[in-house]
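Me: I'm new to this structure and would like a close look at one part of it. Could you pick a place where helices meet and walk me through it?

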Amino acid sequence: MSGTVWQVRLADLLPLAGVSLAVDALAGWFLLLVGGVATVVGVYTVGYAGRVGHGPSARGALALLPLFVAAMLLVPAAGSVSTFLLAWELMAVTSLLLVLAEHRHSPAVRTAGLWYAAMTQAGFVVVLLGLAWLAAAAGGESFAAIRAGTAELSPLVSSGVFLLCLAGFASKAGAVPLHPWLPRAHAEAPSHVSALMSAAMVKLGVYGIVRVAFDLLGGGPRWWWLLLGALGAVSALYGILQAAVATDLKRLLAFSTSENIGLILLGLAAAGLLAGTGQLAVAGVALAAALLHAANHAGFKTLLFCGAGSVLRATGTRDLDQLGGLSRRMPATTALVAVGALGAAALPPGNGFVSEWLLLQALLHQASAGGTVLTIAAPVAVAVVALTAGVGVATYVKALGTGFLARPRSTTAAAAVESPPTMLAGMGLAAAVCAGLAVVPAVAAPALGRIATSLRVESAPLQGSGVDLRLAGIASSISPLWIAVGVVGLTVGFAAVARAVGRARRRAAAWDCGDGPLTARMEYTATSFVEPLQRVFDNVLAPEQDVDVTHPAESAYLVRAVAYRRRLPDRVEARLYRPVITAADAVGRAARRLATGSVHRYLAYMLTALVAVLVAGVLR
C-alpha cells in the first residue's frame with residue numbers, strides 16, 4: 001500500500017483484538033462520501049422529522065441517526081478485520097432499527113424489516129467467514145499483515161475469500177439477485193433514512209469489494225472480474241427496468257440504486273480486467289469512473305430521496321398515479337428534484353453524465369491485445385450502459401412529468417404545500433454538490449489519482465483544470481463546464497425566440513371538439529406512460545394483469561364499468577427466494593413435531609448430538 005496512511009490503535013478499548021483504525025486514500029474517499037450525505041440529511045431532518053406521521057419523531061429513533069452515521073464512518077476507517085466486522089454489524093443493526101421506526105403505522109414496514117434483517121445478517125455471516133479465512137491464511141488480522149501475507153495465499157484460498165466477500169458486500173450494495181431487501185427497506189423507511197441508506201450505506205458494499213479484491217488480495221484471475229461484470233450488468237439492466245415500471249416514487253428510486261450500483265460494479269470489473277492485461281492507464285480511468293459515479297450517485301440520490309420525502313410530507317402518498325400538479329404547489333421542490341433527475345438520467349449537464357462518459361471511454365479504448373474475452377466483454381458492457389441510460393431517461397421523464405408537471409390527480413396533490421426552509425436548504429445543498437460535480441469534475445482528479453496509486457493502477461487517471469477533463473493514456477477529453485453553458489444558453493435562446501414569435505400571433509381559444517378544457521383524465525398516468533416499454537420487456541418483467549368488465553342487467557352488450565388491475569412482482573424474488581422461503585416454512589412446521597414437551601425426548605436429542613460430535617472428532 002503506497003501513499004499516506006493515518007493509523008490509530010486503541011488496544012484497551014475492546015478485549016482481545018482492540019480497535020485498529022487506518023485511513024488511506026480509498027478510505028478517505030468513502031469517508032468524504034458518507035460525511036457529505038450525513039451533513040445534507042442532518043439539515044433536512046430538522047424539518048422532516050418534526051411532522052408527526054412523516055418521520056420518526058420519537059427521541060429514541062432520532063438518537064439512532066448519529067450512531068448510524070458513526071458506524072458508517074467507522075467501516076472505511078477500520079484497519080483490521082475485527083474492527084471492520086464490529087463497525088459493519090453496528091451499521092446493520094442501527095439501520096434496521098431505523099427502518100422499523102414507523103412499524104406501528106404500516107404492516108409493510110414490519111415485512112421490510114424482516115427481509116432486511118434476514119438478508120443483512122446472512123451477508124454479515126458470509127463476510128465474517130471470508131475475512132476470518134483470509135486473516136487465518138495470511139497470519140494476521142490487521143489489513144497491513146494481510147497485505148504482507150497475500151503472496152503466500154493459494155488460489156483456492158484467495159478465490160474462496162473473494163466469492164464469500166463478494167456475496168456479502170454485493171448483498172449490502174443491493175446488487176441483483178441479492179437485492180430483495182432494498183426496494184422494501186428503502187421504500188418503507190423514513191425518507192431521510194432512505195437517503196442515508198441509498199446514498200451512503202450501499203456504497204460501503206462497494207468499498208468492501210474494492211478493499212478486498214483490489215487491495216487486500218491484490219487482484220485476481222480473469223474470471224473474478226467477469227463474474228463481477230456479469231453481476232453489474234444484470235443489476236444495471238434489471239434495476240432500471242423495475243424502476244421504469246414502478247409507480248411508487250420511493251420504490252422507483254430504490255431500484256434505480258440497484259441500477260447505479262450495477263454501473264459501479266461494471267467499472268470495477270473493467271478496471272480489474274484491464275489491469276490484468278497490463279493496460280494500467282485505461283484501468284485507472286475505469287476505476288476513477290466507478291468511484292466518481294459512487295460520489296455522483298450519492299449526490300443525486302440524496303437529493304431525490306429528500307425530494308420524495310417532501311412529496312410524502314405534503315401529500316401523504318408516494319403513488320405517481322395519484323400525484324401531479326406539484327410544480328405549481330411546490331415549485332422549489334420541483335426544481336430541486338429536476339436537478340437530481342437530470343443527474344440520475346445521465347444527461348448533460350447532470351453529474352451522472354460525466355462518470356458514465358468516463359466508463360464508456362474506458363470500455364471503448366481497451367486495446368485489442370487484451371485478448372478475446374476482453375474484446376467481447378467490452379462491447380457488451382457498452383451496450384448495457386447505453387441501454388440503461390436510455391431506459392433511465394424514460395424513467396425520470398415519467399417520474400418528473402407525471403408526478404410534478406402534470407395536472408393533479410388527487411385532492412391531496414392539489415392541496416400540497418411547499419416544504420419548510422430547512423428541508424429546502426438540505427436539498428439545495430445536495431443540488432449544489434451535484435452541480436459542482438457536474439461542471440467541474442476535475443476537482444476530484446487528485447483524490448482519484450491517489451486512490452489509483454494506492455491500488456497499483458495508473459497514478460493519474462484524470463487530469464485537467466476546472467474547465468477541461470483529460471484522460472491519462474487516452475486521446476480524449478471533455479469540458480462539462482462549457483457543455484453546461486451551451487445547454488443553458490441554447491435553452492434560454494430557444495425560450496426567448498419562442499416568446500418573441502408567440503407575441504406576433506393572435507391568441508385564441510383552441511377548438512376542443514366540444515369536450516371542455518384539459519383535465520387530468522386526458523393525460524398520461526405513470527402506468528400508461530411506461531405501458532409500451534413494459535410490452536417490450538414482458539418476458540423479463542412477467543407482469544400480472546386483470547381486466548374486469550361489469551355489464552348492466554339489461555344487456556350483456558353494454559358496459560357499466562371496467563376495472564383494470566396490474567401487478568409487477570419482482571421476478572427474481574418470485575423465482576429464487578419464494579421457493580426457498582416456502583421450503584424453510586415447511587421444514588419449520590415439520591420441526592414443531594419434535595417439540596413435544598417431553599424432557600426424556602429432549603435429553604435423547606442432546607445425547608444424540610453429543611455422540612455425533614464425538615464420532616466426528618474420532619473420524620477426523
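Reply: One term before we start: two residues are in contact here when they have heavy atoms within 4.5 Å of each other. Keep in mind, too, that this is a predicted model.

Let's look at helix 11 and helix 13. In helix 11, Phe300, Leu303, Leu304, Gly307 and Ser310 do the meeting, and on the helix 13 side their partners are Thr333, Leu336, Val337, Val339, Gly340, Ala341, Gly343 and Ala344. Sort the residues of this contact by class and you get eight nonpolar, five polar and no charged. As for the geometry, the two helices pack at an angle of about 145°, and their axes lie 8 Å apart. The crossing of helix 11 with helix 13 is left-handed. If you want to find them in the view, helix 13 covers residues 331-344, while helix 11 runs over residues 280-315.

Now bring in a residue from further along the chain, Ser419. Look for Ser419 in the loop between helix 16 (411-414) and helix 17 (421-439). Is Ser419 buried or exposed? Ser419 is buried, because its relative accessible area is 7%, and the cut-off for buried is under 20%. Leaving out neighbours within four places in sequence, Ser419 touches Ser310, Met330, Thr333 and Leu424. Two of those names should ring a bell: Ser310 of helix 11 and Thr333 of helix 13 also take part in the helix contact we began with. Ser419 also sits 8.5 Å from Ala332, C-alpha to C-alpha, although 87 residues separate them in sequence.

Helix 11 has a part in something bigger as well. The largest nonpolar core has 173 residues, and helix 11 gives the largest share of it, 22 residues. Within that core, Met72, Phe84 and Leu268 touch the most other members. Take Met72: setting aside neighbours within four places in sequence, its contacts are Val34, Met91, Leu196, Ala200, Met201 and Leu204.

For a comparison pair, try helix 14 (residues 351-364) and helix 15 (residues 372-405), which pack at about 160° with axes 9 Å apart. These two are therefore roughly antiparallel, and their crossing is left-handed. Here Glu356, Leu359, Leu360, Leu363 and Leu364 of helix 14 meet Ala378, Ala381, Val382, Val385 and Ala389 of helix 15. By class, that contact has nine nonpolar, no polar and one charged residues.

Conventions
Residues are numbered from 1 along each chain as its sequence is written. This is a predicted model: local features need pLDDT of at least 70, side-chain atom pairs count only at pLDDT 80 or more; totals for chains, interfaces and linings use all residues. Side-chain values use heavy atoms; hydrogens and water are left out. Axes are lines fitted to C-alpha atoms, for helices over the stretch in contact, and angles run from 0 to 180 degrees between N-to-C directions. Helices (H or I, at least four residues) and strands (E, at least two) are DSSP runs, numbered from the N terminus. Angles under 35 degrees count as roughly parallel, over 145 as roughly antiparallel, 65 to 115 as roughly perpendicular and the rest as oblique. A crossing is left-handed if the near helix is turned anticlockwise from the far one by less than a right angle, and right-handed if clockwise. Ala, Val, Leu, Ile, Met, Phe, Trp, Tyr, Cys and Pro count as nonpolar, Asp, Glu, Lys and Arg as charged, and the others, Gly among them, as polar. A nonpolar core is a set of buried Ala, Val, Leu, Ile, Met, Phe, Trp, Tyr and Cys residues joined through side-chain atoms within 4.5 Å. Buried means under 20% relative accessible area, exposed over 50%, partly exposed in between (1.4 Å probe, protein chains only).
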